[in-house]
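User: Please take a close look at one helix in this model. Tell me what surrounds it, and work outward from there.

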Amino acid sequence: MKYKRILLKLSGEALMGEQQYGIDSNRLIQYAQEIKEVAALGVEVAVVIGGGNIFRGVQAEQVGLDRVQGDYMGMLATVINSMALQSALEKLGVYTRLLSGLNIQQVCEPYIRRRAVRHLEKGRVVIFGAGTGNPYFTTDSAASLRAIEIEADVVLKGTRVDGIYSADPEKNPDAIFYRNISFKDVFEKGLNVMDMTAFTLCKENGLSIIVFDMNTQGNLKRLVQGEEIGTLVSMDDIAEGLQETVDQLQAKQNK
């Protein structure tokens, strides 16, 4: 296996599937099956899920609610999604633990770093709910922070697109796809990978990010086995070296 321990970041919106709101059961089962296959390979899997399919904290101000109150509401939405994924995984026979940044003892354990690591070492899929437990921080920031704390090898950001482009590929068919890119270039090009706090955390701690299409069946498994899927964001020297190799190969093909 290329990676021993991963942090998988899923968006809440992805759980909607083709719906306009809530959780699509087929998409939920698909994700659970993908995670099960990876865990069966011996990879230690931690997961962070957003809550945008239910409520986003930034929506609070738009309807006149206090932003802090709205952020806590968003955290509770992530717990609902986390509970749904936990249930789907356990129906497939996967041992899981749900750890929360908020104290909700009836449904999940409080987040304790050493406990989380121990669960992973025992082969349990660990789901982190309620973000960081603090307002004004996104689930992207929670994913980066938890990944650093548990010493994950990589952050895998599952999306509905196959990687990072120079522009939105759904709106601009001429958008350029990046197979490998450095943190520096992401900053300079103003590409939207994660929020700035999350992205900076990964950069300062040398934690690579891979953005990939989670909705394509088998992608997660192939990725952890070492296939080049999606876009790798890594430290400057590594990413630039990889991109140089890709450019050389493309130049030879064009001759």
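Analyst: Start with α5. Its buried residues are Thr139, Asp140, Ser141, Ala142, Ala143, Ser144, Arg146 and Ala147. The model is predicted, so read every value below as computed from that prediction. Helix α5 spans residues 139-149, and 8 of its 11 residues are buried, so the rest of the structure largely encloses this helix. Polar and charged names appear in that buried set, among them Asp140 and Arg146.

What does the covering of those buried residues include? Strands β1, β2, β5 and β6 (154-159) contribute, and so do helices α3 and α7 (196-204).

Now the two ends of α5. At the N-terminal end, Thr138 acts as a cap. One of its side-chain oxygens lies 3.3 Å from the backbone nitrogen of Asp140. After the helix comes Glu151, with a positive phi near 60°.

The loop between β5 and α5 deserves a check of its backbone. Ala130 sits in this loop. Its phi is positive, about 65°, although Ala130 is not a glycine. Its relative accessibility is 0%, so Ala130 counts as buried. Tyr136 belongs to the loop between β5 and α5 as well. Phi of Tyr136 is also positive, near 75°, and this residue is not a glycine either. Is Tyr136 buried or exposed? Exposed: its relative accessible area is 52%, and the cut-off for that label is over 50%.

Step back along the chain to β5 (125-129). This strand is one of the elements that cover α5. Of its 5 residues, 5 are buried, so β5 is largely enclosed by the rest of the structure. Both of its faces are covered. Val125, Ile127 and Gly129 are buried on one side, and Val126 and Phe128 are buried on the other.

Strand β5 has a partner on each side in the sheet. With β2 it pairs in the parallel sense, over 3 bridges. There, Val47 has Ile127 of β5 as its bridge partner. With β3 it also runs parallel, joined by 5 bridges. Here, Ser100 is the bridge partner of Gly129 in β5.

Where does β5 fall in the whole sheet? The order is β4-β3-β5-β2-β1-β6-β10-β11-β9, so β5 stands between β3 and β2. The sheet is open, holds 9 strands and has mixed pairing. Its edges are β4 (109-110) and β9 (180-182), each paired on one side only. An antiparallel pair is found at β10 (residues 209-213) and β11 (residues 231-234), which share 3 bridges. In that pair, Ile209 faces Val233 of β11.

Helices pack on the sheet too. Helix α1 (residues 25-40) touches β1 (5-10), β2 (44-49) and β5, and its direction makes about 155° with that of β2. Helix α3 (residues 67-91) lies across β2, β3 (96-100) and β5, and runs at about 165° to β5. Recall that α3 also helps to cover α5.

How do α1 and α3 meet? A helix pair is described by an axis angle and an axis distance. For α1 and α3, the angle is about 60° and the axes are 9 Å apart. That makes the two helices oblique, since roughly perpendicular would need 65 to 115 degrees. The crossing is right-handed. Residues Leu28, Ala32, Ile35 and Lys36 of α1 make the contact with Ala84, Leu85, Ala88 and Leu89 of α3. The spacing follows a general rule: an α-helix has 3.6 residues a turn, so residues three or four places apart point the same way.

One residue ties α3 to the strands at this end. Thr96 lies in β3. It is buried, with a relative accessible area of 1%; the limit for buried is under 20%. Beyond its sequence neighbours up to four places away, Thr96 touches Gln86, Leu89, Glu90 and Val125. Two of these are polar partners. The side chain of Thr96 contacts that of Gln86 at 3.2 Å. Its side chain also makes a polar contact of 2.9 Å with the side chain of Glu90. Val125 leads back to β5, where it is one of the buried residues.

Terms used
Residues are numbered from 1 along each chain as its sequence is written. This is a predicted model: local features need pLDDT of at least 70, side-chain atom pairs count only at pLDDT 80 or more; totals for chains, interfaces and linings use all residues. Side-chain values use heavy atoms; hydrogens and water are left out. Two strands pair if DSSP finds at least two bridges between them. Helices (H or I, at least four residues) and strands (E, at least two) are DSSP runs, numbered from the N terminus. Contact means heavy atoms within 4.5 Å. Axes are lines fitted to C-alpha atoms, for helices over the stretch in contact, and angles run from 0 to 180 degrees between N-to-C directions. Buried means under 20% relative accessible area, exposed over 50%, partly exposed in between (1.4 Å probe, protein chains only). A polar contact is a pair of N or O atoms within 3.5 Å; within protein, one must be able to donate a hydrogen and the other to accept it, and residues adjacent in sequence count only if both atoms are side-chain atoms. Angles under 35 degrees count as roughly parallel, over 145 as roughly antiparallel, 65 to 115 as roughly perpendicular and the rest as oblique. A crossing is left-handed if the near helix is turned anticlockwise from the far one by less than a right angle, and right-handed if clockwise.
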